[in-house]
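This briefing concerns the interior of one protein chain. It considers pairs of aromatic rings and then the nonpolar cores.

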Amino acid sequence: MSWTSSADIRAHVARHFARGTLLSSMVTGRLDFPWRLPCKGPTAGEISAHFDAVRAWAAELRALPHARVVMRTIRHRTLGTNALPAEIWIDTLEDALALIGKTACARPFARLLAVTQDTYPALIDWLAQHPLRALESAEAWERLLAVIAWIDNHPRPHVYLRQVDLPGVDSKFLEAHRGVLAELLDRALPHAVCVPAAMGVTAFAARYGFLEKPVRVRLRPLDESLPLAAIGADITLDAPSLARLDPGARQVIITENEVNFLALPQVPGTIALFGAGYGFAMLKDIPWLARARLHYWGDIDTHGFAILDQLRAVFPKAQSLLMDRATLLAFESQWGHEDRPTARDLPRLTADERALYDALRDNRIRTNLRLEQERIGFQWVERALARAVSTDDPP
């Protein structure tokens with residue numbers, strides 16, 4: 001039967017809770033109580049055909065706790081006069097929450113609503129829009145408000161998050177709550193305090209004026225006669241220090257694979273740069289890189305070519321290394337599978353690179369084909385370096 005059951009009533013109220021409507025009404029008052037819920041009962045024919053089932057249905061609804069069932073009298077020529085449920089009402093928010101076992105949720109939400117009203121009323125609209133997310137943060141809510149007050153009193157503080165000195169607040173707390181904090185800060189703080197271009201959780205520090213951990217670059221001299229070799233065989237520097245350095249290198253090989261970075265052989269006038277983890281935008285202000293001949297060695301797959309395209313946005317003359325069709329076909333036995341290939345256009349590839357990229361993204365050779373750089377035979381790598389890496393000054 002399609003008659004409204006007690007389970008249907010609970011499910012209807014639960015859906016409103018899951019959408020945040022019930023708790024939001026504590027802020028907005030937009031859900032008027034008493035609240036009438038849908039109630040579909042039996043037709044006259046169904047009453048005659050299924051009288052016992054109709055009586056059981058009526059008894060079930062009348063026994064529903066925290067709901068008010070309005071009955072109507074039905075007069076039937078053979079069954080006589082009977083009272084059946086016609087309307088179902090929830091009289092209060094407390095009844096609605098109790099009906100679905102969510103009474104305990106209202107108390108912490110009411111507390112955080114009250115404290116927010118007292119401290120940052122500009123955040124009340126956020127509570128109305130995201131009551132369940134606020135409830136998830138109920139235990140941390142007062143500390144979150146304290147952080148907002150601290151930043152409000154120290155606009156763009158130019159310190160590390162670790163230096164926010166508040167009871168119960170440490171850098172791990174701030175990292176764990178960056179998403180919610182960012183939404184709250186954007187509402188609570190003057191617009192001038194926020195950097196609009198710094199978007200997303202990873203840009204939290206930049207958006208609100210905190211210091212960020214400096215990006216560090218790892219490099220190896222592949223020529224022992226270079227001045228850099230006197231510093232060490234495997235060197236890590238922050239970007240500003242790297243910009244002040246003049247390693248005397250004519251060529252730079254950038255690779256995303258650490259083992260390849262460590263295994264690259266000696267090449268005159270050359271250093272290797274480990275490209276994992278920081279992208280390329282931070283390299284654009286390093287003057288000696290702009291003068292060097294750059295080679296990028298990545299996987300032969302769609303993402304490898306996408307990274308090459310990204311590098312050329314910063315260094316247009318960068319050349320690819322071991323990312324050609326001959327290398328791909330020479331190591332067919334080592335082919336693998338690319339899980340999530342990209343299909344976007346890459347405008348900075350050369351004609352040969354674009355032809356291979358198109359063959360990969362269009363699955364003309366094999367579906368989701370990739371050749372990881374570490375699967376290429378090392379003698380092939382050495383011969384390719386000898387051919388491709390010129391010892392002449394770059395153009």
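The count of aromatic pairs comes to nine. The model is a predicted one, and two of its pairs are described below, followed by its cores.

**The pair Trp3 and Trp57**
- The ring centres of Trp3 and Trp57 lie 5.9 Å apart, and their planes meet at 65°; planes over 60 degrees apart count as edge-to-face, so this pair is edge-to-face.
- Distant parts of the chain are linked by this pair, since Trp3 belongs to the segment before helix H1 (6-18) and Trp57 to helix H4 (residues 51-62), 54 residues apart.
- Trp3 and Trp57 are both buried.

**The pair Phe305 and Tyr357**
- Phe305 and Tyr357 have ring centres 6.3 Å apart and planes at 65°, so this pair is edge-to-face.
- Helix H16 (residues 302-314) holds Phe305 and helix H18 (residues 351-361) holds Tyr357; the two residues are 52 apart, and their pairing links distant parts of the chain.
- Phe305 is buried, as is Tyr357.

**The nonpolar cores**
- The largest nonpolar core contains 65 residues, and those with the most contacts inside it are Leu22, Leu127, Trp141, Ile148 and Phe210.
- Helix H9 (residues 141-153) supplies the largest share of this core, seven residues.
- Another core, of 53 residues, lies apart from the largest one; Phe274, Leu289, Ala318 and Trp335 are among its members.
- Leaving aside residues up to four places away in sequence, Phe210 touches Trp150, Ile151, Pro157, Val159, Tyr160, Leu161, Val164 and Ala205.

Note on methods
Residues numbered from 1 in each chain as written. Predicted model: local features only at pLDDT ≥ 70, side-chain atom pairs only at ≥ 80, totals over all residues. Heavy atoms only, no water. Core = buried A, V, L, I, M, F, W, Y, C linked by side-chain atoms within 4.5 Å. Buried < 20%, exposed > 50% of the residue type's maximum accessible area, 1.4 Å probe, protein only. Helix = DSSP H or I, 4+ residues; strand = E, 2+ residues; numbered from the N terminus. Contact = heavy atoms within 4.5 Å. Phe/Tyr/Trp six-rings, centres within 6.5 Å; stacked < 30°, edge-to-face > 60°.
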